[in-house]
Each structure stands twice: as structure tokens, then as C-alpha cells.
Amino acid sequence: MSQNNHNQDSHTIKESLSTKTWFGFDLDDTLHSFRKASAQASSAVFTTLHEENPNINIDDLKTSYRDILVSTTAGAFADGRTSTEYRRERFSLLLRAHGLEVTTERLDRLLDVYKRSLREALTLKPGALDLLQCIKRRGKKVIVVTEGPQDAQLWTVEELGLRPYVDVLVTTNQIGKSKVEGLFSAVLDKYGIVASDMVYVGDNEKRDVVPAREAGILAVLFDEMGGCSFDDFAALRIDSLGKLGDLLE
């Protein structure tokens, strides 16, 4: 694409964004580095168990926990339980998988280790705070639509210092539907938002971008390794949140 065409495409997207009232975002791995933080928190749990039970290998714990996550998160947290209930279930399964006794005291200790480590590891994506501040300065509204337990996602938003900039936080846990099962349409109905008045940014093509577009929302894929693409409204892509902020200036 020529530089001239790129500038024209950017200008077209800029005009479109200027008409939007609602700016929607996924939370995990869009506004903050969730995978990195959760991996660090999980590793702290594995280390704790290994130190208490030296005969249990950390790599074996990782393998077991990975399988447990696959089997326990398939419903995208749409069944209404709290983050503590989800984590207690996962850690109980992990203990049983390695022949360890499941006690309330042990589970409470692991839950505390996980949450403390998670808090220490939480990190905003570069440009996230500046982008939200820019959006609010322009009198726009910010809505976070994400999969996960309501209490955990609210805690994360507050810990990251984003609460003053988020008008609405909606989770699969609250609505009872995953993103691929109609969450976006339910959100539009619940908050009286017209689809054409919203843009949504997420890092997952299948769970963020496709279902948002199916609901009539302008969707942008956040792909840190994929570069930027502004030439097709059906395939918008940014590689940094700062690029989106530039389009709002």
C-alpha cells in the first residue's frame, strides 16, 4: 500500500471513530497482560506446593494445571460463580491429581498465594491508560466487555487504576452468555446502545472480533505482532493501543 493510500485509509477510520459514542474493549490481553500475570501467579502456587512436597515436580504440576484449565474454563465463566469458587475448584483438582489432601486451610493458603502474586504481576498494556484518558477527554464512553468472573474483572480494573475511566464493565459471568453465544447483542440491549454507535477492540479474532461484527459493531483486532491495517473496515487491525489513540487526536 502506498503512503498516500495509507493516509487516506487512516483518515477514513479517524472520521468513523469520531462518530462513535461508545468505545468497547476486551480486558484480558487487550488492556493488560493477563496471560503473563496469571502464569506468574500459577507458578507461585506450583512453587509453594513443590516446597511443601519436594517429591512433586513443578513441571508435572504445570501439565496437570494446564489440563484442568482446559476442562474448567470451557464455559467462559458464564455460570455465575465467583473467582474464588473457580480457583478453589481448580486447586482442589490439582491437589487430588497429585495425591495431596484437600483441606480448607491448604486451599485458603494457595488462594492467597495466587492472588498476591497476581496483584504483583498485573501490568497495563503500553498506551492503555493514555488511550482511555484520551477517549474520556473527548466525552466518549468506555465499556469493557470481557469473559471472566465479575468480581475478578472488577478487581483487576481497580488494581490497574482504570476504574475512573470505565463507565460500564460487563462480563460473561454477569450476563450468563459467552461472547460467541450472544454476549454482545445482550450488552447492546441491556445498555440501550446502538451497534453503529460503538467500536470494540479485542485481541482474539474468534472470541472478540467475529462475534462483535456479527452484532453489527465496528470491531478492531488488537494484534501486537500483526501490524496495522486500515484499508478494510471488515479487517481492521492495530498493533498497539497507541495507534488507536493517534486516530483519535
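**Exercise 1. Find how many residue pairs are in polar contact across the interface of domain 1 and domain 2, and which elements of domain 1 take part in the interface.**

Solution. Start with the count: six residue pairs, both partners at pLDDT 80 or more, are in polar contact across the interface of domain 1 and domain 2. Next, look at the elements: helix 7 (150-159) and helix 8 (172-175) are those that give two or more residues to the side of domain 1 that touches domain 2. Of these, helix 7 gives the most, with four residues. Then sort that side of domain 1 by class, which yields three nonpolar, six polar and seven charged residues. Keep in mind that this is a predicted model.

**Exercise 2. Describe the layout of the two domains and the area they bury.**

Solution. First, set the bounds: domain 1 covers 2-33 + 124-248, while domain 2 covers 35-121. Their contact takes 16 residues from domain 1 and 15 residues from domain 2. Over C-alpha atoms, the two centres are 30 Å apart. Now turn to the area. The size of an interface is often given as the accessible area lost when the parts come together. Here domain 1 and domain 2 bury about 1,200 Å² between them, with 51% of it on carbon and sulfur atoms. On the domain 1 side, Ser33, Trp155 and Asn173 supply 40% of the area buried against domain 2, more than any other three residues.

**Exercise 3. Work through salt bridges, at the interface and in helix 5.**

Solution. Begin with the totals: the structure holds 16 salt bridges, and the rule finds three across the interface of domain 1 and domain 2. Now take single pairs. Arg119 and Glu159 meet at 3.3 Å, N to O. Asp108 and Arg88 form a salt bridge at 3.0 Å; since Asp108 lies in helix 5 and Arg88 in helix 4 (residues 83-97), this pair ties together parts that are 20 residues apart in sequence. By contrast, Asp112 and Arg116 both lie in helix 5, four residues apart, about one turn of the helix, and their salt bridge spans 2.8 Å.

**Exercise 4. Is Ser117 buried or exposed, and which residues does Ser117 contact?**

Solution. Locate the residue first: Ser117 is in helix 5 (residues 104-121). Then check its accessibility: the relative accessible area is 12%, and the cut-off for buried is under 20%, so Ser117 is buried. Beyond neighbours within four places in sequence, Ser117 is in contact with Gln40, Ala41 and Ala44. Finally, a polar atom of the Ser117 side chain lies 2.9 Å from the backbone oxygen of Val113.

Terms used:
Residues are numbered from 1 along each chain as its sequence is written. This is a predicted model: local features need pLDDT of at least 70, side-chain atom pairs count only at pLDDT 80 or more; totals for chains, interfaces and linings use all residues. Side-chain values use heavy atoms; hydrogens and water are left out. Domain bounds come from an automatic or database domain assignment. Contact means heavy atoms within 4.5 Å. Buried area is the accessible area (1.4 Å probe) that two parts lose on being put together, summed over both. A salt bridge is a side-chain nitrogen of Lys or Arg within 4 Å of a carboxyl oxygen of Asp or Glu. A polar contact is a pair of N or O atoms within 3.5 Å; within protein, one must be able to donate a hydrogen and the other to accept it, and residues adjacent in sequence count only if both atoms are side-chain atoms. Ala, Val, Leu, Ile, Met, Phe, Trp, Tyr, Cys and Pro count as nonpolar, Asp, Glu, Lys and Arg as charged, and the others, Gly among them, as polar. Buried means under 20% relative accessible area, exposed over 50%, partly exposed in between (1.4 Å probe, protein chains only).
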